[in-house]
Amino acid sequence: MSIPYRLSALGTMSGFRTVSDEAATVLAGMLPEDILANEMEKIYMARIGTGDAVLMGVIRSERGTSMATWQERWNTANKGDGQWIRRRNGEMNLHLRQFFTGHGGYRKYLYRFRHEVSPECPNCPILDEDLEHMLYQCSRYREVVSSVPPPEGLVAFMLEG
């Protein structure tokens with residue numbers, strides 16, 4: 001991915017530079033640039049000598065092909081099942097980005113870059129502070145996250161609304 005496109009995806013999804021290209025484009029809702037360029041080329045070629053009605057059909061068809069290509073790429077990257085690509089609501093923000101990538105203000109992540117002296121939770125000294133610990137184990141956050149569903153239903157819950 002080119003540097004400007006990567007930076008645009010990271011900026012759109014409020015991501016750290018450590019987020020992968022695949023995750024950045026999915027969370028930003030941006031087609032990878034090679035897929036987008038291929039789509040635009042096919043639409044441009046169809047524009048020559050066709051009417052508006054035919055062109056609109058080509059645009060819809062090419063977007064469907066692009067989304068299928070993107071989904072296949074995401075599936076082979078083994079990073080998820082693509083539900084997020086198909087979502088119809090919600091915006092990416094700092095907190096969701098941290099949730100989906102695990103790159104954020106968690107002591108375990110910050111410790112990797114020597115921004116914290118220990119990966120351990122200050123409330124639970126024998127456990128590392130990461131997203132899973134904060135959502136499901138730490139008593140410090142229990143009141144705030146009491147309505148969070150179990151891990152296997154979390155993405156579906158977020159996609160609902």
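1. Two residues are in contact when they have heavy atoms within 4.5 Å of each other. With that in mind, among the contacts in the chain that join residues at least 6 apart in sequence, 42% link residues that are at least 24 apart. Please keep in view throughout this note that the structure is a predicted model.

2. On the overall build, the chain has eight helices and zero strands, and from the N terminus on its elements accordingly read α-α-α-α-α-α-α-α. The chain has 161 residues, of which 32% count as buried. Its exposed surface comes to about 10,300 Å², and carbon and sulfur atoms supply 55% of that area.

3. Helix H1, which covers residues 3-12, is a good place to look at burial in detail, and its buried residues are Tyr-5, Arg-6, Ala-9 and Leu-10. Seen down the axis of H1, these buried residues fall within an arc of 135°, so they line one face of the helix. The spacing along the sequence can be read with a general rule in mind: an α-helix has 3.6 residues a turn, so residues three or four places apart point the same way.

4. What do the buried residues of H1 pack against? They pack against helix H2 (21-28) and helix H3 (33-47). On the face of H1 turned away from its buried side, by contrast, the exposed residues are Ile-3, Pro-4, Leu-7 and Gly-11. Just after H1, Ser-14 takes a positive phi of about 55°, a detail that can be checked in the backbone.

5. Is His-133 buried or exposed? This residue, which lies in helix H7 (residues 131-136), has a relative accessible area of 0%, and because buried means under 20% relative accessible area, His-133 counts as buried. When its neighbours within four places in sequence are left aside, His-133 is in contact with Cys-121, Cys-124, Leu-127, Asp-128 and Cys-138.

6. Arg-114 offers a contrasting case to inspect, since it sits in the loop between helix H6 (107-112) and H7. At a relative accessibility of 76%, Arg-114 counts as exposed, because the exposed class begins over 50%. Its backbone also deserves a look, for Arg-114 has a positive phi of about 60° although it is not a glycine.

How values were computed:
Residues are numbered from 1 along each chain as its sequence is written. This is a predicted model: local features need pLDDT of at least 70, side-chain atom pairs count only at pLDDT 80 or more; totals for chains, interfaces and linings use all residues. Side-chain values use heavy atoms; hydrogens and water are left out. Helices (H or I, at least four residues) and strands (E, at least two) are DSSP runs, numbered from the N terminus. Buried means under 20% relative accessible area, exposed over 50%, partly exposed in between (1.4 Å probe, protein chains only). Accessible areas come from the Shrake-Rupley method with a 1.4 Å probe; for residues, only the protein chains shown count as cover. The arc is that of the directions from the helix axis to the C-beta atoms.
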